[in-house]
Amino acid sequence: MAGSSAFLKACRSERADRVPVWFMRQAGRSLPEYRRLRGEGSILEAVRRPELAAELTLQPVRRYGVDAAILFSDILVPVAALGVGLDVVPGRGPVVHEPFRSAADLVRLRPLEPEVDLPYVLETVRILAAELDVPLIGFAGAPFTVASYLVEGGASRDYARTKALMHDEPATWHELAGRLAEIALATLRAQVAAGAAAVQLFDSWAGALSRADYERFALPSSRRVLQGLADLGVPRIHFGVCTGELLDLMAGAGAEVVGVDWRVPLDAARRRVGPRPALQGNLDPALCLAGFDAAASETRRILSEAGGRPGHVFNLGHGVLPGTDPDVLARLVELVHDEGRP
Ligand code: CP3
């Protein structure tokens, strides 16, 4: 499978027999079979049950016919396993009970030992590697994005406390980002050792930073994670939202693939990143709620902006939105497979 997968070929900018497609946040949200199986409680509990997590990973692969699976887990699972004191509350999202505010909080982030701290995640990966006939994407949160939850205490609009920490106490910030980089790196290396065929580094909120702040406070630790994976030989995907002004910097961090949200057309993104990295994206997830015809015409535009050049992984520009009709996603997969010219 591995060598012939359209997804892995596109990640390496090699010509494949079709444009591969998968959807960020393809598990859950829109799938009735997810809601039936998942039950109540925090996602952190579901992730601790390998058979369940494996099944939740497989559901969208069966339903949509996508070219890759993404592990059912969360970017906050590793720091939660270290005991920082966080919950992912259904309907509300992540909550850190005592947010990180000073150098004294750094002791709460000891080094991660994946086999000891996250055995259930690695067991899920092993089950999936044996069962899947498409590649499994492992993932981790980039230091900036994970730090934003630890510092803000949850989701944020303006990242004010995170930015204040960067500028007021840069040494503390760099130590925090450095520890989170080691945690992400250990997580991803263990996922690959257990059978993940590609990895995605989610720096979802990096687009909140100016170029100068991104270069100084976020890029170095993300680069450390991506470059620390180089010897493993698996494709690395580097993703964020609202990152149009950062794409060239992200492309220099070491990944084979750079994610693009819907705000920048793929032909413009290509000019910003240069010839090397493959591009992943970039349908606006909201259009999937507009109905199939609207989503289909945008999909055709995106395929044409990709220009029939190898190195395009079709995806949404961000995750599947709640309320999306699963049939729209299934039909989009067919459309990309039928009409995409890699
Ligand atoms: O389908 C997949 O993509 C696989 C699993 C996955 C989850 N989270 C499961 C999840 C992945 C790849 C993530 C990544 C993640 N988690 C990111 C980066 C991607 C992005 O959206 O930018 C971020 C920022 C988080 C943090 C997080 N986890 C938030 C903000 C929330 C709550 C709101 C929401 O998005 O639903 C979660 C909870 C979460 N993670 C759920 C799922 C399926 C939802 C609820 C649940 O079933 O408990």
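Is Val273 buried or exposed? At 12% relative accessibility, Val273 counts as buried, because the cut-off for that label is under 20%. The legends below take you through this predicted model, beginning with the whole chain and then moving to single residues, Val273 among them.

**Figure 1. The whole chain at a glance.** The predicted model holds 15 helices and nine strands. Along its principal axes, the C-alpha trace spans about 55 × 45 × 40 Å. For 342 residues, a compact globule would have a radius of gyration near 20 Å, and the 19 Å of this chain agrees with that. Of the 342 residues, 61% count as buried. If you look at contacts between residues at least 6 apart in sequence, 73% of them join residues at least 24 apart.

**Figure 2. The surface and its charges.** About 13400 Å² of the chain is exposed, and carbon and sulfur atoms supply 49% of this area. In charged side chains, the count is 38 positive and 42 negative. The centres of these two sets lie 2 Å apart.

**Figure 3. The largest nonpolar core.** This core has 130 residues. Phe7, Phe23, Leu109, Leu150 and Leu176 are the residues with the most contacts inside it. Helix α10, which covers residues 170-194, gives the most to this core, with 12 residues.

**Figure 4. Leu109 and the residues around it.** Here we zoom in on one of the core residues with the most contacts. Setting aside residues up to four places away in sequence, Leu109 touches Val79, Leu82, Val84 and Phe100. Its other partners in the view are Leu150, Leu176, Arg179, Leu180 and Ile183. Two of these partners, Leu150 and Leu176, also appear among the core residues with the most contacts.

**Figure 5. Ala6 in helix α1.** Ala6 is found in helix α1, which runs over residues 6-11. With a relative accessible area of 9%, Ala6 is buried. Beyond its neighbours within four places in sequence, Ala6 is in contact with Ala16, Asp17, Arg18 and Pro20. For a view across the sequence, find Val134: Ala6 and Val134 are 128 residues apart along the chain, with 9.3 Å between their C-alpha atoms.

**Figure 6. Two positive phi angles in one loop.** The loop between α1 (6-11) and α2 (32-38) holds Ser13, and Arg25 is found in the loop between α1 and α2 too. Phi of Ser13 is near 60°, a positive value in a residue other than glycine. Arg25 is not a glycine either, yet its phi is positive at about 60°. Ser13 counts as partly exposed at 24% relative accessibility, and Arg25 counts as partly exposed at 44%.

**Figure 7. Val273 in helix α13.** Back to the residue from the opening question: Val273 has its place in helix α13, residues 266-273. Not counting residues up to four places away in sequence, Val273 touches Leu247, Ala251 and Leu279. Val258 is 15 residues from Val273 in sequence, and their C-alpha atoms are 8.5 Å apart.

**Figure 8. Met250 in helix α12.** Helix α12 covers residues 247-251 and includes Met250. Met250 is buried, with a relative accessible area of 0%. Leaving aside neighbours within four places in sequence, Met250 is in contact with Tyr214, His238, Phe239, Gly240, Thr243 and Val258. To set the scale of the view, Leu335 is 85 residues from Met250 along the chain, and 30 Å separates their C-alpha atoms.

**Figure 9. Asp213 in helix α11.** Asp213 sits in helix α11, residues 211-227. A relative accessible area of 16% makes Asp213 buried. Apart from neighbours within four places in sequence, Asp213 is in contact with His167 and Ala218. Arg341 is 128 residues from Asp213 along the chain, and the two C-alpha atoms are separated by 38 Å.

**Figure 10. A cis peptide bond at strand β8.** Which form does the peptide bond from Gly281 to Asn282 take? The bond is cis, with omega near -5°. Asn282 lies in strand β8, residues 278-283.

Conventions: Residues numbered from 1 in each chain as written. Predicted model: local features only at pLDDT ≥ 70, side-chain atom pairs only at ≥ 80, totals over all residues. Heavy atoms only, no water. Core = buried A, V, L, I, M, F, W, Y, C linked by side-chain atoms within 4.5 Å. Buried < 20%, exposed > 50% of the residue type's maximum accessible area, 1.4 Å probe, protein only. Helix = DSSP H or I, 4+ residues; strand = E, 2+ residues; numbered from the N terminus. Contact = heavy atoms within 4.5 Å. Rg over C-alpha atoms; globule rule 2.2 N^0.38 Å. Areas by Shrake-Rupley, 256 points an atom, 1.4 Å probe, with all protein chains shown as cover. Lys, Arg positive; Asp, Glu negative; His and termini not counted. Charge placed at Lys NZ, Arg CZ, Asp CG, Glu CD.
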